[in-house]
Amino acid sequence: MSPEIRARQITHRMALLALLALLAAAAFLLLNARGSWDFLLPFRGRKLAALAVVAVAIALSTVVFQTVTQNRILTPAIMGFDALYVLIQTGLVFGLGAGRVSALDARLVFGLELGAMVVFALLLFRWMFGPAARNLHLLMLVGIVLGTLFRSIAGFLQRIIDPDSFTVLQDRLFASFNAVDPGLLTLSALIVAGLALILWRLVPELDVLALGREAAVGLGVPQERLVLGLLVIVTLLVALSTALVGPVTFLGLLVANLAYLLLPTGRHAVLLPAAALIALITLIGGQALLERVLHYDTALAVVVEFAGGLVFILLVIRGVAR
Amino acid sequence: MIEVEGVERRYDGVAVLSEVTLSLPKGGLTAIIGPNGAGKSTLLSVMGRLQKPDAGRVTLEGMHLAQAPGRAVAKKLAMLRQDNHTAARLTVRDLVAFGRYPHCRGNPGPEDQAQIDRALAILGLEPLADRFLDQLSGGQRQRAHIAMVLAQDTGCILLDEPLNNLDISHAVRIITLVREAAQALGKTVVVVLHDINMAAAHCDRIVVMKGGRILRHGTPAELMQADFLSAVYETPISVHELAGRLVAVY
Ligand SMILES: Nc1ncnc2c1ncn2[C@@H]1O[C@H](COP(=O)(O)OP(=O)(O)OP(=O)(O)O)[C@@H](O)[C@H]1O
Ligand SMILES: [Mg+2]
């Protein structure tokens with residue numbers, strides 16, 4: 001295939017993705033409106049914004065993480081983030097009691113979660129990129145083991161708190177796009193936009209990093225510094241989206257791999273926006289479909305996680321077969 | 001001008017390079033030969049600052065490699081590794097274009113395009129330029145990686161077993177090419193080779209390594225000696241003169 005045809009194909013597909021994302025947003029905002037628009041539009045608009053922030057954060061973080069780690073199976077979320085989130089929430093309810101946690105300033109809890117997750121991830125990544133351990137399977141194992149540990153501690157705490165607190169806790173543990181604090185949403189949107197801008201300026205370096213550590217050093221990319229910086233950005237993005245709506249483990253895996261599949265190119269100038277658009281379509285379109293058409297009020301997260309989980313298993317099986 | 005001073009490299013306490021000191025003048029083609037595990041690739045990686053030495057240092061035209069900014073070094077020194085595999089889905093042209101990254105940071109201008117086209121042409125890759133790397137044969141992929149190094153257009157070029165997987169015609173073309181680059185353009189080229197006769201016929205200097213040390217360093221005529229080569233490779237080797245060349249037979 002000639003490069004012109006391939007370039008045109010990529011432009012077409014990007015345009016199509018952008019169109020679909022717009023359609024999804026329109027459907028989400030406008031379909032099935034009962035009641036007054038004055039109430040409905042701001043309400044739906046806020047939810048749309050939350051979905052968009054999370055979609056972009058997860059898509060960008062996954063593609064960058066996979067480029068940095070040179071793999072297409074691991075995502076930052078699989079590395080135990082969700083379990084840590086559960087543990088923090090449980091710890092809070094256990095330590096302070098349900099009443100006081102509900103009364104806590106949402107911003108304080110948000111900041112706390114963000115901080116804990118960033119520290120955890122940086123420790124893990126530092127160790128992984130340290131001189132001793134570069135083995136991806138080992139890292140995956142460590143992530144899973146830590147995740148299990150966090151979940152076990154959380155499970156133990158959940159068993160010994162009183163039933164009322166437990167109900168409150170359970171509510172907080174599901175990824176939910178409904179109950180997002182508007183102030184936090186604005187803040188998160190600003191941070192995600194800023195980080196996306198930084199990533200956009202690093203697109204040439206990301207392209208080079210995809211060649212591998214040694215090739216990147218050979219071409220003069222400040223590899224160590226850059227990788228650490230990128231991992232900080234990834235961590236912030238994932239922690240932000242988790243703190244905002246709760247854990248969404250497999251979405252990133254789903255959208256990143258769809259982007260690689262639909263757009264046969266190594267260029268991050270294409271892959272990053274493509275993954276973000278696919279995530280927008282999946283989350284917003286999925287939510288529109290579930291809420292407006294099928295009238296399900298189940299969390300979309302469940303459906304996305306199911307699909308993403310299937311993709312994960314497929315990738316693992318294919319990886320093993322190869 | 002590239003200088004290696006007292007370089008040491010250890011893996012888990014085992015020295016794979018010890019006390020390596022080597023000074024290569026600007027211009028000229030140098031071959032590094034030696035048995036498997038001699039430390040040739042390790043030395044080349046240290047010279048190409050892909051690995052940090054545990055002791056000693058490497059300087060390129062007076063520039064301390066470990067401390068100089070990466071892009072500045074990449075404009076003067078390019079390296080081909082022994083194993084090249086890329087996970088990313090790239091076409092040959094994409095890969096070769098990466099050689100221009102140090103000069104244009106992913107934004108190729110006409111000069112960069114010209115260099116890319118030139119490198120593709122030199123390695124006979126024009127018909128394959130738009131193929132993906134995973135659709136190539138081993139030798140074709142090797143040529144694509146060499147083209148990327150050439151596109152980097154540096155004064156110093158390090159090639160680790162560039163003739164791997166290549167047929168005779170391409171092997172001769174490439175060794176002649178780097179020889180001309182060294183002679184006519186004054187480039188400093190270092191190649192790791194396993195074919196002693198190729199090294200003797202085309203290179204200005206030969207460096208013989210074994211056990212992490214440089215055993216000898218000299219002209220092909222000085223080093224093409226039957227008992228020395230036999231001892232290095234622990235294999236009976238005889239040297240004959242054939243068509244005006246020193247040829248090792250083994
Ligand atoms: N990552 C590593 N960990 C431990 N030992 C290593 C590592 N890389 C190389 N070595 C050892 O260092 C020594 C030198 O390796 P090097 O690759 O430099 O050899 P070489 O001369 O290039 O050999 P070849 O001709 O097979 O390419 C070998 O004994 C090898 O086993
Ligand atoms: Mg080697």
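**A buried threonine, a chain interface and a ligand site**

In this predicted model, B:Thr188 is buried, with a relative accessible area of 3%. That value earns the label because buried means under 20% relative accessible area. B:Thr188 belongs to strand S8 of chain B, which covers residues 188–192. What does the side chain of B:Thr188 reach at 3.1 Å? The partner is the backbone nitrogen of B:Gly27. B:Gly27 also appears among the residues in contact with B:Thr188 once neighbours within four places in sequence are left aside. That list includes B:Met1 and B:Ile2, then B:Pro25, B:Lys26 and B:Gly28, and finally B:Gly155, B:Cys156 and B:Ile157.

We can now turn to the place where the two chains meet. The size of an interface is often given as the accessible area lost when the parts come together. Here, the area buried between chain B and chain A is about 2000 Å², and carbon and sulfur atoms give 56% of it. Which three residues supply more than any other three of the area that chain B buries against chain A? They are B:Leu50, B:Phe98 and B:Tyr101, which together supply 28%. Counted by residues, 26 from chain B are in contact with 24 from chain A.

Charged and polar pairs also span this interface. The count between chain B and chain A is three salt bridges. One salt bridge joins B:Arg81 to A:Glu214, with the closest N and O atoms 3.3 Å apart. Nine residue pairs, both members at pLDDT 80 or more, are in polar contact across the interface of chain B and chain A. On the side of chain B that touches chain A, the elements giving two or more residues are helix H2 (70–74), helix H3 (92–98) and helix H4 (101–104) of chain B. Of these, H2(B) gives the largest share, three residues. By residue type, the side of chain B that touches chain A divides into 12 nonpolar, seven polar and seven charged residues.

The last stop is ligand 1, which is surrounded by 13 residues. The closest are B:Val16, B:Gly37, B:Lys40, B:Ser41 and B:Thr42. Where do oxygen atoms of the ligand find polar partners? For B:Ala38, a polar backbone atom is 3.1 Å from an oxygen atom of ligand 1. A polar backbone atom of B:Gly39 lies 2.9 Å from a ligand oxygen. With B:Lys40, the partner is in the side chain, where an N or O atom is 2.7 Å from an oxygen atom of ligand 1.

Key:
Residues numbered from 1 in each chain as written. Chains lettered and ligands numbered in written order. Predicted model: local features only at pLDDT ≥ 70, side-chain atom pairs only at ≥ 80, totals over all residues. Heavy atoms only, no water. Contact = heavy atoms within 4.5 Å. Buried area = accessible area lost by both parts, 1.4 Å probe. Salt bridge = Lys/Arg side-chain N within 4 Å of Asp/Glu carboxyl O. Polar contact = N/O pair within 3.5 Å; in protein donor to acceptor, adjacent residues only side chain to side chain. Helix = DSSP H or I, 4+ residues; strand = E, 2+ residues; numbered from the N terminus. Nonpolar A, V, L, I, M, F, W, Y, C, P; charged D, E, K, R; others polar. Buried < 20%, exposed > 50% of the residue type's maximum accessible area, 1.4 Å probe, protein only. Near = heavy atom within 4 Å.
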